[in-house]
Amino acid sequence: MDFNVPSGYFDTLEEAVVRKARSLTPPKTQERKATALYYFAGIAASLTLVFNLIQYQQNQVIEIEDQALNDYIESYYMDNLDSYEMLSMMEDAEIELLSDFSNKP
Amino acid sequence: MSTSQSIFVNALKDPITKEEAFRLLVSEYKERLYWHIRKLVLDHDDANDVIQNTFIKIYLNIDGFKENSALFTWMYRIATNEALNFINSKASKMGLQNQDWIEAKADRLMADSYFDGDEAAHLLQKVVARLPEKQRIVFNMKYFDGMTYEAIAEIVDTSVGALKASYHHAVKKIKTELNDKF
């Protein structure tokens, strides 16, 4: 090779270039880190909200199902029962309450 | 594009890892790019300016690198364009054509403390400097850097056939001029 360079040139070149590049970018890197944090916080909050909504809806469904079952028993099933069948389904304590009433004048 | 190169490019594009990846890039490619630039601009101080501008341009534009070519091809292309733009700028400031400016540089090589060549080497540089710009670039990459026509074609965006013709003409011209001198 007929050309040469000053002694240690390539080491100083690397440092000079990296220093120049570094001077071009620090604010953006910090901004992007903060932005990433906001994104993660937003995603976490959204997931929490969705999870709670799903839980609430499930509870609503259970309540509705219970209510529907009670309505069925009271409206349809009970209408077709005679008094003997109704009494057989009741607890003893509940029957005693009824008998208290039946003694009323 | 190889997987390892894709991983490296992704590291260059990621703001978290960019600086460290860029340092590795500079460390790996600084000499190859420098010598390519140096053979175009001839002078060390000029080559130093151009190589730094080249790496900064790579740093600022890496996000736009679409991996349609190899990373080194893309970098080499930037280096070539930066060198030619530099020559154009210097020549314009002195009111010269690019060719005249580079020939004047070649004439002064023997006085350059960073040129080790003998009279024959100096003569070769003067003859190469008289080639048209594209022929000079192709000749440098083929003869001095030993690159394949395919690699050169990617960098200068010219067909392999056109490059072979260009190189053939360059070699013929150089041989004629050297024969005339000796």
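**Exercise 1. How many residues does helix 7 of chain B have, and what distance does it reach from its first C-alpha to its last?**

Solution. The model is a predicted one, in which local features need pLDDT of at least 70, side-chain atom pairs count only at pLDDT 80 or more, and totals for chains, interfaces and linings use all residues. Residues are numbered from 1 along each chain as its sequence is written, while chains are lettered from A and ligands numbered from 1 in the order in which they are written.

Step 1. Helices (H or I, at least four residues) and strands (E, at least two) are DSSP runs, numbered from the N terminus. Helix 7 of chain B has 12 residues.

Step 2. The expected span of a helix is 1.5 Å times one less than its number of residues. Helix 7 of chain B reaches 16 Å from first to last C-alpha, close to the 16 Å expected.

Step 3. Just after helix 7 of chain B, G146(B) takes a positive phi of about 65 degrees.

**Exercise 2. State the predictor's confidence in chain B and in the complex.**

Solution. pLDDT is the predictor's confidence in each residue, from 0 to 100. For chain B its mean is 92, and 99% of the residues reach 70 or more. For the complex, the predictor gives an ipTM of 0.84 and a pTM of 0.70.

**Exercise 3. Describe chain A and its contacts with chain B.**

Solution. Step 1. Chain A contains four helices and zero strands, in the order α-α-α-α from the N terminus.

Step 2. A residue is buried if 20 or more other C-beta atoms lie within 10 Å of its own, exposed if 12 or fewer, and partly exposed in between, with C-beta atoms placed from the backbone. Of the 105 residues in chain A, 4% are buried.

Step 3. Two residues are in contact if their C-beta atoms, placed from the backbone, lie within 7 Å. On this criterion, 20 residues of chain B are in contact with 16 residues of chain A. On the chain B side, helix 2 (18–41) and helix 3 (44–61) are the elements that give two or more residues. Helix 2 of chain B gives the most, with eight residues.

Step 4. The side of chain B that touches chain A has 10 nonpolar, four polar and six charged residues. Here Ala, Val, Leu, Ile, Met, Phe, Trp, Tyr, Cys and Pro count as nonpolar, Asp, Glu, Lys and Arg as charged, and the others, Gly among them, as polar.

**Exercise 4. Compare the spans of helix 2 and helix 4 of chain B with those expected.**

Solution. Step 1. Helix 2 of chain B has 24 residues, but its end C-alpha atoms are only 30 Å apart, short of the 34 Å that a straight helix would reach.

Step 2. Helix 2 of chain B bends by about 55 degrees at Y29(B); the bend at a residue is the angle between axes fitted to the seven residues ending there and the seven starting there.

Step 3. The 23 residues of helix 4 of chain B should span 33 Å, and its end C-alpha atoms are 33 Å apart, which agrees.

**Exercise 5. Locate the largest nonpolar core and the surroundings of its helices.**

Solution. Step 1. A nonpolar core is a set of buried Ala, Val, Leu, Ile, Met, Phe, Trp, Tyr and Cys residues joined through C-beta atoms within 7 Å. The largest has 40 residues, and those with the most contacts inside it are I37(B), V41(B), I51(B), M75(B), A83(B) and V138(B). Helix 2 of chain B gives the most to this core, with eight residues.

Step 2. The buried residues of helix 2 of chain B include F22(B), L25(B), I37(B) and V41(B). Their cover includes helix 1 (9–22) of chain A, together with helix 1 (3–13), helix 3, helix 4 (71–93) and helix 7 (133–144) of chain B.

Step 3. Among the buried residues of helix 4 of chain B are W74(B), M75(B) and A83(B).

Step 4. V138(B) is one of the buried residues of helix 7 of chain B. Not counting residues up to four places away in sequence, V138(B) touches I152(B), V156(B), L163(B), S166(B), Y167(B) and A170(B).

**Exercise 6. Contrast L42(B) with D157(B).**

Solution. Step 1. Most residues other than glycine have a negative phi. L42(B), not a glycine, has a positive phi of about 70 degrees; D157(B), likewise not a glycine, has one of about 55 degrees.

Step 2. L42(B) is in the loop between helix 2 and helix 3 of chain B, and D157(B) in the loop between helix 8 and helix 9 of chain B.

Step 3. L42(B) counts as buried because it has 23 C-beta neighbours inside 10 Å, whereas D157(B) counts as exposed because it has 8.
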